[in-house]
Amino acid sequence: TAPPDTGVQLLYPQRVPPLERKVKRLFPESLPISLRGWVSGGYVFNTSTPGSNFNGPYNEVDRDRPQINQIYFIAERALSATKGINLGGRFDVLYGNDFFLAQSNGLERNEAAFPKWNHEIQGVALPQMYAEIGNKTFSVKAGHFYTIIGYEGVPAPSNFFYSKSYSYQFAGPFTHWGGLATANISPQITFQAGVVNGWDALDRQHDKPTFIGGAKYETDDKFFTGSLAVITGEERTTIPGVFGNRTRYSALITLRPMEKLEYTFHQHFSSQANGSPNGGAATWYGVDQYLYYALHKTIKGGFRFEWFRDHDGIRVSGAPDRGNPNFGRFAGDFFSVTGGVNYTPHPNITFRPEV
């Protein structure tokens, strides 16, 4: 694997500090374009041993069979200077089970969200392809990029846990098409704002501009990091032909009381006009909490507790196009508790067992 890679997730706190030993690289760093990537896979054992092999109405890590989740490749020219005008860009390719999380209408899917070329359990997605202008102080990117909403992300090295939270799987967008400006006002303060074509869409049945923005503040000693990200615009509802405003925010607070200890609190809320089965507003919201402790320079322990509420049963469902039989309206409260470790015997290799 490559070292932790958070894509465009500038509002996310750094979760896995890099090791002191140097990463072994296949391509030299002196190239004008950085070429890198990783391979990620795993196995989930389900004590219920369902005949369908599906663990539930999940969008990712959803089968109790060995999986190749990500064979991931990146070609990037990053902005290097803090002043002047630089040109950069990035192109990502993902193959594996996780293609499901990185698709967009108008590219991998058609306008109505039906698959174009991915009809199997494993597939290909192009989660990022954007051009960028500016510098490390102020920049603007245009094209396809990962969302800045939420805590967890698609790239495997940016996540401590192999499994995903409910808030990531069901609560928010994964990628956007549009433009995003980033201003690093100071080492402590960052602002982001842009206009995109809604959630996970290059071309959709109802193209409308959507605002996305966020702010982050971090103290000099990194003891406290706080961020807030918001997206609002019209989206399709579960009722055919009906659209309405969908607004979501994610608030993150990270505390590092000591060098080895880190705690993150994530609270999110979403509302969809005309989204409930009776035609009213639908809501989904919840709280995630993460606790990490460095047991050794190669071993880090982690704990995640989550509460997620799908008040109207419009978000938590299976994926019938992947053969998941757990499809329907699952309204209610969902809880999950996860504990695990990251063992990194070499900077290029990480094992992530969890329960």
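Helices (H or I, at least four residues) and strands (E, at least two) are taken here as DSSP runs, numbered from the N terminus. By that criterion, the chain has 1 helix and 16 strands. The radius of gyration, taken over C-alpha atoms, is judged against a globule rule of 2.2 Å times the number of residues to the power 0.38. For this chain the radius is 20 Å, close to the 20 Å that the rule gives for 355 residues, so the chain is as compact as a globular protein of that length.

The structure is a predicted model, in which local features need pLDDT of at least 70 and side-chain atom pairs count only at pLDDT 80 or more, whereas totals for chains, interfaces and linings use all residues. Residues are numbered from 1 along each chain as its sequence is written, and side-chain values use heavy atoms, with hydrogens and water left out.

**Overall properties**

Along the principal axes, the C-alpha atoms fill a box of roughly 55 × 45 × 40 Å. Buried residues (under 20% relative accessible area; exposed is over 50%, partly exposed in between; 1.4 Å probe, protein chains only) make up 50% of the 355 residues. With contact meaning heavy atoms within 4.5 Å, residues 24 or more positions apart account for 61% of the contacts with a separation of 6 or more. The accessible surface, from the Shrake-Rupley method with a 1.4 Å probe, comes to about 16000 Å², and 63% of this belongs to carbon and sulfur atoms.

**Aromatic pairs**

Rings of Phe, Tyr and Trp (its six-membered ring) pair if their centres lie within 6.5 Å; planes under 30 degrees apart count as stacked, over 60 as edge-to-face and the rest as tilted. The structure holds 14 such aromatic pairs. In one of them, Phe-160 and Tyr-292 are tilted, at 5.1 Å centre to centre and 50° between the planes. Phe-160 lies in the loop between strand E6 (138–146) and helix H1 (166–170), and Tyr-292 in strand E13 (residues 282–296), so this pair ties together parts that are 132 residues apart in sequence. Phe-160 is buried, with a relative accessible area of 3%, and Tyr-292 is buried as well, at 2%.

Another pair, Tyr-166 with Phe-170, is stacked, with 6.3 Å centre to centre and 25° between the planes. Both residues of this pair lie in helix H1, 4 residues apart, about one turn of the helix, and both Tyr-166 and Phe-170 are buried. Ring pairs also link Tyr-151, Phe-160, Phe-161, Tyr-290 and Tyr-292 into a cluster.

**The segment after strand E16**

Glu-354 is found in the segment after strand E16 (349–351) and is partly exposed, with a relative accessible area of 27%. Its C-alpha atom is separated by 7.6 Å from that of Tyr-162, although the two residues are 192 residues apart along the chain. Leaving aside residues up to four places away in sequence, Glu-354 touches Phe-161, Tyr-162, Ser-163, Thr-338, Gly-339 and Gly-340.

**Positive phi in loops**

Asp-200 and Asn-274 each have a positive phi although neither is a glycine. The table sets out their values and locations.

| Residue | Phi | Location | Relative accessible area |
|---|---|---|---|
| Asp-200 | about 55° | loop between strand E8 (189–196) and strand E9 (210–218) | 10%, buried |
| Asn-274 | about 60° | loop between strand E12 (261–272) and E13 | 32%, partly exposed |
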